Structures are given as C-alpha cells and as structure tokens.
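Hi everyone, thanks for coming. I'd like to walk you through one fold today, so please pull up the viewer and follow along.

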Amino acid sequence: MASNRRALVTGASAGIGEAFARELARRGFDLVLTARRADRLEAIAAELRDRHAIEAVVAPLDLARPDGPEALVAALASQGLHIDVLVNNAGYGVTDYLDEQPWSTHAAFMQVMMTAPTELIWRLLPGMKARGYGRIVNVASLAGLVPGSAGHTLYGASKAYLIRFSQSLALETLGTGVHVTALCPGFTYSEFHDVNGARQLVSNMPSFLWMDAPTVARQGLDAVEAGEIVYVNGRVNRVIKALFKLLPDRLALKLTEREGRRFRLRRASSPHP
C-alpha cells in the first residue's frame with residue numbers, strides 16, 4: 001500500500017477497529033478515527049502520531065444518528081481531507097428475540113450496521129474513483145455466511161447484507177482503481193462480547209475458534225490490496241463456511257440451533273421457550 005494516503009476507520013476506539021487503525025498507521029497511512037468514545041480515540045490517535053509520525057484526526061460520532069454519515073463527510077470536506085481507504089467496522093450486537101426489544105433499538109442497530117456504512121461508501125466512492133485509487137473494507141462476519149440462529153436476530157442478517165453489497169460494489173468498481181472486500185472474521189478477542197453481556201458464555205468456547213484482532217486487521221488489509229472480494233479469516237472459519245455450504249438447509253439449521261443454545265444470552269423474564 002502507498003503511503004501519504006488517508007484512511008477512515010469507524011468503530012476505531014477498541015477491538016478490530018483499533019487494530020485496523022494501528023495496522024494502517026504502521027503502513028504509513030494518515031488516519032481519521034471515529035467512534036463514540038472521544039477520550040479513547042484521542043489516546044489512540046496521540047499514540048499513533050508519536051509512534052509512526054502520521055496525521056491522525058479524531059471525529060467522535062454516534063453512527064446511530066441518521067445524519068451522522070453526512071455530517072462526518074461534510075466535516076472532512078470542510079478541512080480538505082479526502083479519504084482513500086474506508087474501513088466500515090463500527091458494530092455491536094442486540095440480545096434477545098426480535099419482539100423483546102423496542103423498535104427504536106432495532107432501528108438504531110440497522111442504521112449503524114447497514115445504512116451508515118452504505119451511505120459512507122456512497123458519499124466517498126466518487127472521490128476514490130476520480131482519484132483512481134480506493135480501498136473499502138466492510139467488516140462483516142462468518143455469521144453472514146452461515147444459517148441464522150435464534151437471538152441476535154438481525155446480526156447475521158446485517159452481515160449477510162454487507163457481504164452481498166460488497167460483492168455487487170466490487171463488480172461495479174472493476175477497472176476504477178477501487179477495491180472492495182467483505183471481511184468475515186469469526187470469534188475475535190475484543191470488547192464485543194463484553195458490551196453485549198455474553199463474555200461469560202463465549203469464554204467457554206474452545207480456544208482454536210478464536211483469533212486476535214491485529215491478525216484479523218492485517219489479513220483484511222492484505223485481502224483488499226490483493227483484490228479479494230470476500231475474505232474469511234482463519235482456516236477453522238473457512239472449514240465452517242465450507243461445511244455449512246455442503247449441508248442441506250434443514251440439517252444446517254438444526255445444527256445451528258443446537259449449537260446456538262449453548263451460547264445464547266437470554267433474559268430470565270423472556271416469554272419465549
């Protein structure tokens with residue numbers, strides 16, 4: 001990857017997003033870091049400026065705001081900052097069954113997970129194409145490639161959307177100098193499971209299923225540079241993807257439901273069995 005280019009990373013305050021920021025800085029990219037936690041962003045930006053002699057701009061933002069992507073891109077334009085690399089990483093999980101959460105919770109989730117990344121691309125892609133260079137990484141998940149499970153109802157669906165969207169966009173940008181990759185990690189050590197309250201459950205999973213965030217980020221940047229449209233991190237996750245692709249739908253769903261019961265976070269007051 002060339003230096004003296006600028007990358008925008010969403011959800012950059014922790015986990016995979018922070019790992020992307022660190023790896024991009026190591027490769028010589030200037031940064032725009034966005035997330036809700038301004039203090040955490042400032043600390044990361046200051047460290048990366050000192051360590052790698054890059055520019056790092058902090059743009060605190062809640063992407064659940066419908067006007068968030070437009071406001072962010074407008075602020076960057078007002079400062080004369082163009083974006084060469086976009087990492088759509090911001091995300092989280094919503095527990096319980098669909099009807100056990102208020103609609104406002106689901107609306108905010110879909111805004112962050114699907115609408116915001118799509119709008120950011122829509123707003124930044126013309127500039128990338130005009131300059132003849134762009135790299136877009138949509139952080140999806142192995143969950144978008146296997147059957148859906150009960151609980152976290154919209155999570156896998158949102159990741160499947162990112163994968164299909166990335167495939168179409170990659171075809172639309174062929175020959176423009178813009179590469180698009182849907183990155184599909186499996187279980188990754190980060191704050192994700194602490195935020196949704198599932199840390200104790202997932203800690204019982206075997207260690208071979210887990211990857212570290214720096215490896216996921218490094219592989220993601222290598223994949224988008226190589227023109228990989230869908231990249232699944234880790235051999236184990238690739239085996240899981242292949243297995244579910246071979247199984248009949250009915251059997252795959254039964255297997256998903258059986259395994260999902262072991263790690264499903266449920267409220268004691270839930271009316272569902």
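I'll start with the sheet, then go through some helix packing, and finish with two single residues. Keep in mind that this is a predicted model.

Okay, the sheet. It's an open one with 7 strands, in the order 3-2-1-4-5-6-9, and the pairing is parallel. At the edges you'll find strand 3, residues 56-58, and strand 9, residues 230-232. Each of those has a single partner strand, so one side of each is left without a neighbour in the sheet. If you go from one strand to the next, the twist averages 15°.

Let's zoom in on a couple of pairs. Strand 1 and strand 2 run parallel and are joined by 5 bridges. If you want a landmark there, Thr10 stands opposite Thr34 in strand 2. Strand 4, residues 85-88, and strand 5, residues 134-139, also run parallel, with 4 bridges joining them. The landmark for that pair is Asn88, whose bridge partner in strand 5 is Asn138.

Now stay on strand 2 for a second. How many of its residues are buried? It's 5 of 5, so mostly covered is the right label, given that buried means under 20% relative accessible area. In a regular strand, side chains alternate between the two faces of the sheet. Here both faces of strand 2 are covered: Asp30, Val32 and Thr34 are buried on one side, and Leu31 and Leu33 are buried on the other.

Next, helix 1, residues 15-26. This helix lies across strand 1, strand 2, strand 4, strand 5 and strand 6, and runs at about 170° to strand 1. For your bookkeeping, strand 1 is 6-10, strand 2 is 30-34 and strand 6 is 178-184.

Helix 1 also packs against other helices, and I'll show you two of them. Take helix 2 to begin with, residues 38-52: the angle with helix 1 is about 20° and the axes are 10 Å apart. Under 35 degrees counts as roughly parallel, so helix 1 and helix 2 are roughly parallel to each other. The crossing is right-handed. On the helix 1 side of the contact we have Glu18, Ala21, Arg22, Ala25 and Arg26, and they meet Arg40, Ile44, Glu47, Leu48, Arg51 and His52 in helix 2. By class, that contact has 4 nonpolar, 1 polar and 6 charged residues.

Then there's helix 8, residues 213-226. What angle does helix 8 make with helix 1? About 60°, with the axes 8 Å apart. That makes helix 1 oblique to helix 8. This crossing is right-handed too. Here Gly15, Ile16, Ala19, Phe20, Glu23 and Leu24 from helix 1 meet Ala213, Pro214, Val216, Ala217, Arg218, Gly220 and Leu221 from helix 8. The class count for the contact of helix 1 with helix 8 is 9 nonpolar, 2 polar and 2 charged.

Let's move on to helix 4, residues 103-131, and its packing with helix 5. Their angle is about 15°, and the axes are 9 Å apart. Helix 4 and helix 5 are therefore roughly parallel to each other, and helix 4 passes helix 5 in a right-handed crossing. Phe109, Met113, Met114, Pro117, Thr118, Ile121 and Leu125 make up the helix 4 side, while Tyr155, Ser158, Lys159, Tyr161, Leu162, Phe165 and Leu169 are on the helix 5 side. Those residues divide into 11 nonpolar, 2 polar and 1 charged.

One residue from that contact deserves a click: Ser158, in helix 5, residues 155-172. Is Ser158 buried or exposed? With a relative accessible area of 1%, Ser158 is buried. Beyond its sequence neighbours up to four places away, Ser158 touches Phe109, Met113 and Met114. Also, Ser158 and Met110 are 48 residues apart in sequence, with 7.4 Å between their C-alpha atoms.

Last stop, Met128, over in helix 4. Met128 is buried, at a relative accessible area of 0%. Leaving aside neighbours within four places in sequence, the contacts of Met128 are Ile83, Asp84, Val85, Leu86, Tyr133, Gly134, Arg135, Ile136 and Val178. Take Asp84 from that list: 44 residues from Met128 along the chain, and 6.2 Å between the C-alpha atoms.

That's my tour, thanks for listening.

Terms used. Residues numbered from 1 in each chain as written. Predicted model: local features only at pLDDT ≥ 70, side-chain atom pairs only at ≥ 80, totals over all residues. Heavy atoms only, no water. Buried < 20%, exposed > 50% of the residue type's maximum accessible area, 1.4 Å probe, protein only. Contact = heavy atoms within 4.5 Å. Axes fitted to C-alpha atoms, helices over the stretch in contact; angles between N-to-C directions. Parallel < 35°, antiparallel > 145°, perpendicular 65-115°, else oblique. Left-handed = near helix turned anticlockwise from the far one by under 90°. Nonpolar A, V, L, I, M, F, W, Y, C, P; charged D, E, K, R; others polar. Pairing = 2+ DSSP bridges.
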